[in-house]
Amino acid sequence: MPWRARPKAGSTMAGVVNKFFITSLIMWAAPVAILYAFNHSLIPGVTDMSPHSMTLVSGFVAVISVNVVIAFYICLAMREPSDKHEPDPKFLAEAKASIKQLGKNQDGDSSETRSKQE
C-alpha cells in the first residue's frame, strides 16, 4: 500500500510549513506589539522616559525580539530528526545518470573543440 507511506512525508512537510508560518507571524507581530506597548505606555516606567530614549529603547527591544524568534526557529530546526529527510531513491538514480551523461557530453564536446582549434 504505497499510498499510506505518502502522508507521512506530506505531514512532515506540513509540519515544517506550519513552524515556518508560525515563527514568521511571531517575527512580524512581536516587534509591532512591543512598539505599540511603548507608544501607548502599556509598559510600567515608560512614562518617565524622554521621547528620544523611549524610541531608542523600543526599537532596540523590537530588534532583540526578532533575533530571539530567529534563534527559537533555529533551535526547532536543529531538533528535527535527520532520518526523516531521506531523498527519493528514484530521484537520486535519475540525478546520477544525468550527471554522468553531462560529463560524457562535455568530454566529447571538448575533443571536438580541440580538433577545430588545431
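Helices, and with them the loops that lie between, are taken here from DSSP runs and numbered from the N terminus. In this predicted model, Leu42 sits in the loop between H1 and H2, a convenient place from which to start looking around. With a relative accessible area of 56%, Leu42 passes the 50% mark and is therefore exposed. Sequence neighbours within four places aside, Leu42 touches Tyr36 and Ala37.

The loop between H1 and H2 also holds Ser41. Ser41 is partly exposed, at 39% relative accessibility. The backbone of Ser41 deserves a glance too: its phi is positive, at about 55 degrees, although Ser41 is not a glycine. For background, most residues other than glycine have a negative phi. Val46 can be described alongside these two residues, and its contacts beyond four places in sequence are with Phe38 and Met54.

Stepping back to the overall layout, the protein contains three helices and zero strands, and its elements follow the order α-α-α from the N terminus. Of its 118 residues, 11% count as buried. Among contacts between residues at least 6 apart in sequence, 70% join residues at least 24 apart.

The UniProt record, an unreviewed entry, places the feature "transmembrane region" at residues 20-38 and 58-76. In the model, residues 20-38 are 100% helix and 0% strand, with 28 Å between the end C-alpha atoms. Residues 58-76 are likewise 100% helix and 0% strand, and here the end C-alpha atoms lie 27 Å apart.

Helix H2 covers residues 51-78. Its 28 residues should span 40 Å at 1.5 Å a residue, and the distance of 41 Å between its end C-alpha atoms therefore agrees with expectation. The buried residues of H2 are Met54, Ser58, Ala62, Ser65 and Val69. A general point about helices helps in reading such a list: an α-helix has 3.6 residues a turn, so residues three or four places apart point the same way.

Ser58 is a good example from this list. Its relative accessibility is 4%, which is under the 20% limit, so Ser58 counts as buried. Neighbours within four places in sequence aside, Ser58 is in contact with Ile34, Leu35 and Phe38.

Ile34, one of those partners, is part of helix H1. At 17% relative accessibility, Ile34 is also buried. Beyond its neighbours within four places in sequence, Ile34 contacts Ser58, Val61, Ala62 and Ser65. The C-alpha atoms of Ile34 and Gly59 are 8.5 Å apart in space, while the two residues are 25 apart in sequence.

Ile34 belongs to the largest nonpolar core as well, a set of five residues made up of Ile34, Phe38, Val46, Met54 and Ala62. Helix H1, residues 2-39, and H2 are the elements that give two or more residues to this core.

Another set of links involves Thr23, which lies in helix H1. Thr23 has a relative accessible area of 5% and is buried because this value is under 20%. The side chain of Thr23 comes to 2.8 Å from the backbone oxygen of Lys19. A polar atom of that side chain is also 3.1 Å from the backbone oxygen of Phe20. Apart from neighbours within four places in sequence, Thr23 is in contact with Val69, Phe72 and Tyr73.

Phe20 and Tyr73 come up again in the aromatic analysis. A search of the whole structure turned up one aromatic pair. This pair is formed by Phe20 and Tyr73, whose ring centres are 6.2 Å apart and whose planes meet at 65 degrees, an edge-to-face arrangement. Phe20 is in helix H1 and Tyr73 in helix H2, so the pair ties together parts that are 53 residues apart in sequence. Both members are partly exposed: Phe20 has a relative accessible area of 49%, and Tyr73 one of 26%.

Definitions and conventions: Residues are numbered from 1 along each chain as its sequence is written. This is a predicted model: local features need pLDDT of at least 70, side-chain atom pairs count only at pLDDT 80 or more; totals for chains, interfaces and linings use all residues. Side-chain values use heavy atoms; hydrogens and water are left out. UniProt positions are given in the numbering used here, feature names are shortened, and annotations may be inferred rather than shown by experiment. Helices (H or I, at least four residues) and strands (E, at least two) are DSSP runs, numbered from the N terminus. Buried means under 20% relative accessible area, exposed over 50%, partly exposed in between (1.4 Å probe, protein chains only). Contact means heavy atoms within 4.5 Å. The expected span of a helix is 1.5 Å times one less than its number of residues. A nonpolar core is a set of buried Ala, Val, Leu, Ile, Met, Phe, Trp, Tyr and Cys residues joined through side-chain atoms within 4.5 Å. Rings of Phe, Tyr and Trp (its six-membered ring) pair if their centres lie within 6.5 Å; planes under 30 degrees apart count as stacked, over 60 as edge-to-face and the rest as tilted. A polar contact is a pair of N or O atoms within 3.5 Å; within protein, one must be able to donate a hydrogen and the other to accept it, and residues adjacent in sequence count only if both atoms are side-chain atoms.
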